[in-house]
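Here's a quick tour of a protein model, with a focus on where its chains meet and on its cysteines. Have a look at the structure first, then read on.

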Amino acid sequence: MSALEELTAAYLSAKADPAFQADLAALLRDYAGRPTLLTEVPRFAAEAGGGRVFLKREDLAHTGSHKINNVLGQALLTRRMGKTRVIAETGAGQHGVATATACALLGLDCTVYMGEEDTRRQALNVARMRMLGAEVVAVTNGSRTLKDAINEAFRDWVTTVETTHYCIGSVMGPHPFPVMVRDFQRVIGVEAREQVLAAAGRLPDAVIACVGGGSNAIGAFHAFIPDDGVRLIGCEAGGDGLATGRHAATLAGGSAGVIHGMRTYLLQDGDGQTLETHSISAGLDYPGVGPEHSWLHDTGRASYRAVTDAEAMDAFAVLCRTEGIIPAIESAHALAGALQVGPELGPDALLLVNLSGRGDKDVDIAARYFGHVTGPAQ
Amino acid sequence: MSAVAGAFRNAAEQHRAALVGYLPAGFPSVPGAIEAAIAMAEAGADIVEIGLPYSDPLMDGPVIQEATRRALAGGTRVADVLRTVQAVAGAGVPTLIMTYWNPVDHYGVAAFARDLANAGGSGLITPDLTPEEAGPWLEAAADRGLDPVFLVAPSSSDERINLITSVCGGFVYAASLMGTTGTRDAVGGQAAGLVQRVRGCTSLPVAVGLGVRDRAQAAQVAGFADGVIVGSAFVSRLLGAEDTTAGIAAVRDLASDLAAGVRDSAVASRSRS
């Protein structure tokens, strides 16, 4: 608790400090590449019911995803607290890479915990982290994926809390993480709202994002929450389909409980044991979800749907071919959502899709999936 | 007076610390764990903690992680944990369940408290439940006469120690160091200081856990605490044994050794109420 109390105090102080905010804004602008583009994608939109579709280009941020927004904030906070070491968990590796990046930039020691299963399917990201000077620890307990990496990071933190900050990568975990990470990510929606008004003269009918832990989605949604006419649609990892039990669709298929220090929805069995999850995308393969999403779900402000692996890969291919953008497989879940929502809303609809990351890290998996290459994974 | 309080009172009257032994249910099997826990009690454990195996044991080190993983893989269910409590408590030793919160939350707090009490259980040790979130449990515990045991750590502020001890019943679990369960070469240097701070807030017995693995360490801790909690050392004996019988014999031996340890530092000048 004392680590969390210390962090909460430091965060609130930083939040109110113009110098901290200025330092963060400068890094986001001069290092991360903000503001990111808003790109209209008419050829993709033609496949999505014929309305207008805009992509918020978090894929163009430095390190290739929205994760940089959060890690720069938490790295500055680490320095502000006088700590010299950062640890992180990572699923797909994007948050791990982003954390290693921020640590290299600010001269902080870095250790990233990654499920052994994930180190295999996202091997290039492991290499990136090491190149950036981070230690990568492959976690061999449990299901060897994201939730186990989180467990191991907590175990480290409980022992090293005096020198170490645990840089959680999503809007999950004990307070203050869900609100702090959301605050660092809400720049996405703040920019996008301004940009779409400038580009289209009106607000979108729907903002669509993929949901794993929920950080890119809450970042995209938050600025629009007060806009009653704007639907907020989260797309979860449906894996092989909800009915098969092989998925990671927490809100669609889970129930309320306690995991990783938060009360939220999670995928659990009759005894309250956490279930194993399955998704083609490592970054969405988490059995919990950020509590703010649970709140938006329960109050009806946002709706959440499960997108299967097949639907996501189909959307992945559509974006590649229609717009020349290779999305992250995680983000492809949001694109699949747009392909469904567009026809639901009709040809006058305006959709804003958060393209949370680029697909360079997924080329191997996607190439194998589509049969462009054969043989064992590199 | 609760059974747990009685056990501490008993130990105090003998001018020694109480020995609290932990074993997870379901490892190496449900009956095997029951036999091991009873052996532990027969050989000198004054109180027994039965661990509820959980998929995400954040505060556990590799030894307990492995044992609980095997228990879950072997099909151990919450009902088995309650059966274990029934059998162990039935052998005459105060028995608590040590559990992460979600399984209790999912079961239903009132229902769990009822079933725990009906099984003869004495209370719950809840490492990841904060007093702020414990309302329903505290109510149910009071209803059913169960002891709610919370943890304090070296990093806990005086304010938090005050808050935590104000809702504790039975005893206060003082984690000897900042870390996970698991035996160490030396018991945390921060333990004695933590116990002092806890004693400043409550007259409840204070038991120290995390890291104790042998008679000498038990004696050391018994020199400043009301109870010595040992978990991973017992679990290691079971993990390292050729078979269940050998494992249970090793558990029995360790319990005798530790029981001697908590008597080694029985000092006339110990002040206990």
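How many residue pairs are in polar contact across the interface of chain A and chain B? The rule finds 18 such pairs, with both residues at pLDDT 80 or more. Keep in mind that this is a predicted model, so everything below is computed from it.

**Where chain A meets chain B**

- On the chain A side, 27 residues are in contact with 24 residues of chain B.
- Put together, the two chains bury about 2100 Å² between them, and 44% of that is on carbon and sulfur atoms.
- In chain A, the residues that lose the most area to chain B are A:R155, A:D271 and A:Q273; together they make up 31% of what that side buries.

**Charges and polar groups at the interface**

- Besides the 18 polar pairs, the rule finds four salt bridges across the interface of chain A and chain B.
- Here's one salt bridge to look up: the side chains of A:K147 and B:D56 meet at 3.1 Å, N to O.
- Four elements of chain A each give two or more residues to the side that touches chain B: α1 (2-15), α8 (146-160), β9 (255-259) and β10 (262-266).
- Helix α8(A) gives the most, with eight residues.
- Sorted by type, the chain A residues that touch chain B are eight nonpolar, twelve polar and seven charged.

**Cysteines without disulfides**

- A disulfide is a covalent bond between the sulfur atoms of two cysteines.
- Over all chains, the count of disulfides comes to zero.
- Why does A:C210 not form one with A:C235? The A:C235 sulfur is the closest cysteine sulfur to that of A:C210, but because the two are 7.9 Å apart, they are too far for a bond; the cut-off is 2.5 Å.
- For A:C320, the closest cysteine sulfur is in A:C210, and at 16 Å that is also too far for a bond.
- Is A:C210 buried or exposed? It's buried, because its relative accessibility is 2%.
- A:C320, on the other hand, is partly exposed, with a relative accessible area of 24%.

**A neighbour of A:C210**

- A:S331 sits in helix α15 of chain A, which covers residues 329-345.
- With a relative accessible area of 0%, A:S331 is buried.
- Leaving out residues up to four places away in sequence, A:S331 touches A:C210, A:L355, A:S356 and A:G357.

Technical notes. Residues numbered from 1 in each chain as written. Chains lettered and ligands numbered in written order. Predicted model: local features only at pLDDT ≥ 70, side-chain atom pairs only at ≥ 80, totals over all residues. Heavy atoms only, no water. Buried < 20%, exposed > 50% of the residue type's maximum accessible area, 1.4 Å probe, protein only. Contact = heavy atoms within 4.5 Å. Buried area = accessible area lost by both parts, 1.4 Å probe. Polar contact = N/O pair within 3.5 Å; in protein donor to acceptor, adjacent residues only side chain to side chain. Nonpolar A, V, L, I, M, F, W, Y, C, P; charged D, E, K, R; others polar.
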